[in-house]
Amino acid sequence: MDIQSILEKTLPGLGYEVVDFELTAQGTLRVFIDKEGGITVEDCATVSNHLSRVFMVEDIDYKNLEISSPGLDRPLKKAADFERFAGEQAKIKTRLPVDGQKNFIGRIEGCKDDIVRISFDGKTVELALSNIDKARLKPEFKF
C-alpha cells in the first residue's frame, strides 16, 4: 500500500483532511492536515502517534515524520478545496496558458464540473482543474 492510500484511509476516520504530503530525499515524511476550526499542536501529536504505528505495520520506510497544518497559504488541490474556499483570494499557476497567461491572482468563485472560476480585474476566467499546476490561498489581512 502506498503512502497516499494509507493517509486517505486513515486520517478522515480520525476527523482530519489530508491536504498534502511529501517524502524528502533525506527521508523526512511531511504530512499536512486540516480540519474545521484549524489544527492544534495536540492534533499534530495525535496524528503523529497514530501514523507512526500505522507506518510500522505497513512497513513504510522514512526517517523522520513531521505533521503540520497547511498554513495560511494552504495548497488547493481538489475541486472540493476550491468550493470550500470560494470567496477567498488565491494564486494559481496553470500548466498551459489561458488567455495568454499562466499566473493568476484573484478571488475564487467556485468549482463546477472540474472547472475553477476565478475573478480579478473585473473579469472572470475559467480554469480546468487538470490544467492547474499549483494553487494556494493568498492570505488577506484585514485591519
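How much space lies in the largest pocket? I should say at the outset that we are looking at a predicted model, and in this model the largest pocket holds about 200 Å³ of space. Its lining is made up of D20, P75, L76, K77, L129, I132, D133, K134, A135 and R136, and by class these divide into 5 nonpolar and 5 charged residues, with no polar ones. The largest share of that lining, 5 residues, is contributed by strand β8, which covers residues 132-137.

Strand β8 brings me to the sheet, which is open and consists of 5 strands in the order β7-β6-β5-β4-β8, with antiparallel pairing. Because β7, residues 123-128, and β8 stand at the edges and each has a single partner strand, one side of each is left without a neighbour in the sheet. From one strand to the next, the twist averages 40 degrees. Within this sheet, strand β4, residues 89-98, and strand β5, residues 101-112, pair in the antiparallel sense over 6 bridges, and I92 has F104 in β5 as its bridge partner.

Let me turn, finally, to the helices. The axes of helix α1, residues 3-14, and helix α2, residues 41-58, come within 11 Å and cross at roughly 145 degrees, and the crossing is right-handed. On the α1 side the contact is made by I6, L7, T10, L11 and L14, while α2 supplies V47, H50, L51, V54, F55 and E58. Sorted by class, the contact of α1 with α2 has 8 nonpolar residues, 2 polar and 1 charged.

Technical notes. Residues numbered from 1 in each chain as written. Predicted model: local features only at pLDDT ≥ 70, side-chain atom pairs only at ≥ 80, totals over all residues. Heavy atoms only, no water. Axes fitted to C-alpha atoms, helices over the stretch in contact; angles between N-to-C directions. Helix = DSSP H or I, 4+ residues; strand = E, 2+ residues; numbered from the N terminus. Left-handed = near helix turned anticlockwise from the far one by under 90°. Contact = heavy atoms within 4.5 Å. Nonpolar A, V, L, I, M, F, W, Y, C, P; charged D, E, K, R; others polar. 1 Å grid on protein atoms, 1.4 Å probe; cavity = no way out; pocket = protein on both sides within 12 Å on 5 of 7 lines; lining within 4 Å. Points joined across faces, edges and corners; volume = space filled by probe spheres on them. Pairing = 2+ DSSP bridges.
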